[in-house]
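Welcome! Here is a short briefing to help you find your way around a structure that is new to you. Have the view open as you read.

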Amino acid sequence: MNFRLRMVLVVIGVVFCLIVAVSFEWPSVATVQRGFRGLAMVQVANLNTLENKVSANAPPLVSDKLDPSGQPASAVYQNVQVLKDVDSNEFLRLMSEITAWVAPQQGCAYCHAEGDDLSSDKLYTKVVARRMLEMVRHINADWKTHVGETGVTCFTCHRGLPVPANVWFRDPGPPPHGLLGNRAGQNAPAPSVGYASLPNDPFTPFLEYAKEIRVISTTPLPSGNRRSIKQAEWTYGLMMNFSQALGVNCTFCHNSRSFFDWDQSAPQRDTAWFGIRMVRELNQAFLEPLKAEFPHQRLGPLGDVPKVNCTTCHQGAFKPLFGANVLKDYPELAGAAPSPSSAPPAPSLQPKP
């Protein structure tokens, strides 16, 4: 065997090892049966990556509560528009916590212009933060069908970053490739769909607009179901993202013997049904209307605002922060907040087929 052939074989061996290293998860792996036996209703977890996820999703430390001052925040501070009836000392504590959750490096000056009155709305970040505070209270008060009594805080999404790490914009997609035509948003593997060759912007049709997600027929024969393979690929792109966002298999929500049947699905599918509608409402009623407030550099390539999807809160955990109850220490974030006028009220009925 000559030297050149040996070098080629070495290179092939190295490439093969690299492919194996990045394509497979190494032990140890744990499985948990979550449904009837024999139906593959099993959740699989890699204990090595799970340990990292638990560390990354640790809830923040909670500061001690202050003795009440006996005065509402609106009587002590000017231009308080959201937490008017919260005790002024508790208001101050919450503002300090929000700074730690959202802008620990920038400090109060991230929202409050230095040298100006704290009541000033000079910085766009303060206007946006006020609306986000209203959004958090709306989620905790009106979307218990998804967040339960656990609730969310600013930290749930931000994790110490001024802009959450997992936001999305409308994807313009690659330009047409001459005679090859338009890829229709797919065949360009992207992390948004687990690097599968699926449409890589399932968020715009399903989480900004309310395009129909269901593609499976409910009858043995077509019986009027006109869904196409291409439509199914968009749905599967969204499902791949859900799986990544929550760090779970498809069987976390679906029964593998009958993916379409609600009666045979896991209870988590109901929770997810409400979550999809909650995310749509947040994007349509809270985030998109803020477009005029954002500077150009904060907008996406098509001029739209940053929006949320399941990963924004969950970040690889089946429950954000693995189910830590973040609301019990900040009950003022569950105060009554009116539903946005530009969106319908949160559904309170059972999910529809």
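**Aromatic rings**

Trp-168 and Phe-203 are both buried. Please keep in mind that this is a predicted model. The points below start with the rings and then turn to charged side chains and a patch on the surface.

- The rule for aromatic pairs gives a count of seven.
- Trp-168 and Phe-203 make up one of these pairs, a tilted one, with 5.4 Å from centre to centre and 45° between the planes.
- Trp-168 belongs to the loop between helix H7 (154-158) and helix H8 (203-208), while Phe-203 is in helix H8, so this pair ties together parts that are 35 residues apart in sequence.
- Trp-273 and Phe-274 form an edge-to-face pair, where the centres are 5.0 Å apart and the planes meet at 90°. Both of these residues, Trp-273 and Phe-274, are buried.
- Phe-252, Phe-318 and Phe-322 come together in one aromatic cluster.

**Charges over rings**

- Trp-168 appears again here: Lys-307 lies over its face, 4.8 Å from the ring centre.
- Trp-262 has Arg-269 over its face, at 4.0 Å from the ring centre.

**Salt bridges**

- How many salt bridges does the rule count? The count comes to nine.
- Glu-90 and Arg-93 form a salt bridge through their side chains, with 2.5 Å from N to O. Glu-90 and Arg-93 are about one helical turn apart, because three residues separate their positions in helix H4 (residues 88-102). Are these two residues buried or exposed? Both Glu-90 and Arg-93 are buried.
- In the salt bridge between Arg-131 and Glu-134, the closest N and O atoms are 2.8 Å apart. These two residues are three apart in helix H5 (residues 124-142), and therefore about one helical turn separates them. Arg-131 counts as partly exposed because its relative accessibility is 24%, and Glu-134 is partly exposed too, with a relative accessible area of 28%.
- Lys-144 and Glu-149 are joined by a salt bridge of 3.5 Å, N to O. Lys-144 has 36% relative accessibility, so it counts as partly exposed, whereas Glu-149 is exposed, with a relative accessible area of 56%.
- Asp-121, Lys-126 and Arg-130 are connected in a network of salt bridges.

**A nonpolar surface patch**

- Leu-5, Val-8, Leu-9 and Ile-12 make a nonpolar patch of about 340 Å² on the surface.
- Leu-9, one of the residues in this patch, is part of helix H1 (residues 3-23). Leu-9 counts as partly exposed because its relative accessibility is 44%.

Note on methods: Residues are numbered from 1 along each chain as its sequence is written. This is a predicted model: local features need pLDDT of at least 70, side-chain atom pairs count only at pLDDT 80 or more; totals for chains, interfaces and linings use all residues. Side-chain values use heavy atoms; hydrogens and water are left out. Patches are made of residues with over 30% relative accessible area and no salt bridge: like charges are joined within 9 Å, nonpolar side chains (Val, Leu, Ile, Met, Phe, Trp, Tyr) within 5 Å. Accessible areas come from the Shrake-Rupley method with a 1.4 Å probe; for residues, only the protein chains shown count as cover. A salt bridge is a side-chain nitrogen of Lys or Arg within 4 Å of a carboxyl oxygen of Asp or Glu. Helices (H or I, at least four residues) and strands (E, at least two) are DSSP runs, numbered from the N terminus. Buried means under 20% relative accessible area, exposed over 50%, partly exposed in between (1.4 Å probe, protein chains only). Rings of Phe, Tyr and Trp (its six-membered ring) pair if their centres lie within 6.5 Å; planes under 30 degrees apart count as stacked, over 60 as edge-to-face and the rest as tilted. A charge sits over a ring if NZ of Lys or CZ of Arg is within 6 Å of the ring centre and within 35 degrees of the ring normal.
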